[in-house]
Structure formats: C-alpha cells, structure tokens
Amino acid sequence: MMRILIIEDDKQASAYLAKGLKEVGHMADQASDGEEGLEMASAGSYDVLVVDRMLPKRDGLSVVQSLRKAGNQTPVLILSALGQVDDRVTGLRAGGDDYLPKPFAFTELLARIEALGRRPKAGGEVETVYRVADLELDRLAHRCTRAGKDIPLQPREFRLLEYLMQHAGQVVTRTMLLENVWEYHFDPQTNVIDVHISRLRSKIDKDFDTPLLHTVRGAGYTIRNGAGRDSAG
C-alpha cells in the first residue's frame, strides 16, 4: 500500500484517479491547486505525487521545482495535455521522475505509479526479501521457501509470485499482470495467466493447510494470509 497525493484541478478527473487507486489498495489524498498541493506535499509523507502540469495559483512544474529546492525527493509523475518531446523533457528537467501525456489509460498510470513506488528512497535500501505468512521470496538468491521448505519455481512463476508479493493484500488485476509480468508479449485472449496461477498455487499452497493465493471473482488475484470475502481457492 502506498500513500499518494493527486494534485489536479479537474475535480472529476481527480476523484476518478483517487477512486481507482483506493480500489487497488492504495491511499489517495487530493489537492485542487498548486499552492494547496505544495503545502500538502511539503507537510505530508507521501510515496508518490501525481501532479498535473497546468494548475491554478501555481503551475505543476513550479510545485515540483519548489519541492526539489527544499530537498523533498518524493517521486513525481507529471500529467499533462502537452505531450511533445520538448514538453516531456521540460517536465523531467524540472524535477519530475516520469511524465504521462493526457489522455491516458488508468492501468498505465497505475503501473507507472507503482514503478516509482518501488524505487529506493534516498539513503534507503532496496527491499530484497518479501514475506507473506510463512512464504518467503528472496529476490537476490532467487529462492522461494514456505515454512522453510524450498519451492522450485520457473522464471516466469518467480516473476509472477514476486509481483503478487510486492502487492500483498491488494487485488492484482489481469491487466496489471499482462503489463508487468508478461509485458503483453502474447495474445491477451489466451489462458496463459490462468495456467501460471494454477501452477503457482499447486507449488505454494497444495501441501500446506492455509492457502495464500486467492482468486477474487471478477477482479483478479491476491496473495494474503487467510481467505477474504468473494474469493475462491
């Protein structure tokens, strides 16, 4: 779960983004102009800032520049209807970490936000071991264990489990898996996700009393300790 600040003067667009982010398990605050956004970003502890470039009172690039001058290194995703190369370069040079032209797909925005959230914070360490209950995934050793028992995984199974454990407790949609695990390198109408989920479940859950990998009907998949409502094993 990440805490995200949306600085966007279009109230309908801001509400849509906040709703989508909350539905996948993140926290989202909203600011409707540049001055309010700068104040909230400076006072709050956020994992990612989503900043519209054209804002009332203070434009988005000015907000980002002020934060950087103050030593605030929170990752920033700039949103803008200005999508030419020069526009993107200007945004990145102002201190933005990523730049997404409008209109955009929410799944792409979510993927970019989560990519920014995975970056190590200044002076921090990269997380190399993920744990959910007695399941452990060591990214450096490329090793998976449950209750101390080694679980051999194929490379794609490892990446799939890694992504699920990065988002432990959240619902991961099929689109998110397509974008982040397979990168759309196959026909999305095939059942490749279902096949890999089934194989992964047989390895990490089959010989254990408590299932960790759950299918959430109509939504996607989640990995967590204990079954949730509307989930099926």
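**Exercise 1. Determine how H7 and H8 are oriented to each other, and which residues meet between them.**

Step 1. H7 and H8 pack at an angle of about 85 degrees, and their axes are 11 Å apart. Axes are lines fitted to C-alpha atoms, for helices over the stretch in contact, and angles run from 0 to 180 degrees between N-to-C directions. Helices (H or I, at least four residues) and strands (E, at least two) are DSSP runs, numbered from the N terminus.

Step 2. Angles under 35 degrees count as roughly parallel, over 145 as roughly antiparallel, 65 to 115 as roughly perpendicular and the rest as oblique. H7 and H8 are therefore roughly perpendicular to each other.

Step 3. On the H7 side, Arg-174, Leu-177, Leu-178 and Trp-182 meet Val-192, Ile-193, Asp-194 and His-196 of H8. Contact means heavy atoms within 4.5 Å.

The model is predicted: local features need pLDDT of at least 70, side-chain atom pairs count only at pLDDT 80 or more, and totals for chains, interfaces and linings use all residues. Residues are numbered from 1 along each chain as its sequence is written, and side-chain values use heavy atoms, with hydrogens and water left out.

**Exercise 2. Carry out the corresponding analysis for helix H6 and helix H7.**

Step 1. Helix H6 (residues 155-166) packs against helix H7 (residues 174-182) at an angle of about 125 degrees, with the axes 10 Å apart. H6 and H7 are therefore oblique to each other.

Step 2. The crossing of H6 past H7 is right-handed. A crossing is left-handed if the near helix is turned anticlockwise from the far one by less than a right angle, and right-handed if clockwise.

Step 3. From H6, Arg-156, Arg-159, Leu-160 and Tyr-163 meet Met-176, Leu-177, Asn-180, Val-181 and Trp-182 of H7.

**Exercise 3. Locate His-196 and state whether it is buried or exposed.**

Step 1. His-196 belongs to helix H8 (residues 192-204).

Step 2. With a relative accessible area of 12%, His-196 is buried. Buried means under 20% relative accessible area, exposed over 50%, partly exposed in between (1.4 Å probe, protein chains only).

Step 3. Not counting residues up to four places away in sequence, His-196 touches Arg-156, Glu-157, Leu-160 and Trp-182.

**Exercise 4. Describe the five-stranded sheet and the surroundings of Leu-79.**

Step 1. The five strands form an open sheet in the order S2-S1-S3-S4-S5, with parallel pairing. Two strands pair if DSSP finds at least two bridges between them.

Step 2. Strand S2 (27-31) and strand S5 (98-101) stand at the edges with a single partner strand each, so one side of each is left without a neighbour in the sheet. Neighbouring strands of this sheet are turned by 20 degrees against each other on average, direction ignored.

Step 3. Strand S3 (residues 48-52) pairs with strand S4 (residues 76-80) in the parallel sense over four bridges. Val-50 stands opposite Leu-77 in S4.

Step 4. Leu-79 is placed in strand S4 and counts as buried, at 1% relative accessibility. Leu-79 and Val-50 are 29 residues apart in sequence, and their C-alpha atoms are 7.1 Å apart in space.

Step 5. Leaving aside neighbours within four places in sequence, the contacts of Leu-79 include Val-50, Val-51, Leu-100 and Leu-109.

Step 6. Helix H4 (residues 85-93) lies across S4 and S5, and runs at about 145 degrees to S5.

**Exercise 5. Examine the backbone geometry at Pro-103, Lys-57 and Ala-133.**

Step 1. Lys-102 and Pro-103 are joined by a cis peptide bond, with omega about -5 degrees. Pro-103 lies in the loop between S5 and helix H5 (106-117).

Step 2. Lys-57 has a positive phi of about 75 degrees although it is not a glycine. Lys-57 sits in the loop between S3 and helix H3 (60-69) and is exposed, with a relative accessible area of 65%.

Step 3. Ala-133, also a residue other than glycine, has a positive phi near 55 degrees. Ala-133 lies in the loop between strand S6 (129-132) and strand S7 (135-138), and counts as partly exposed at 49% relative accessibility.

**Exercise 6. Assess the confidence of the model, including residues 227-233.**

Step 1. The protein averages a pLDDT of 85, and 89% of the residues score at least 70. pLDDT is the predictor's confidence in each residue, from 0 to 100.

Step 2. Over residues 227-233 the pLDDT is below 50, and this stretch has 14 contacts in the model beyond near neighbours in sequence.

Step 3. Where pLDDT is low, the predicted coordinates should not be read in detail.
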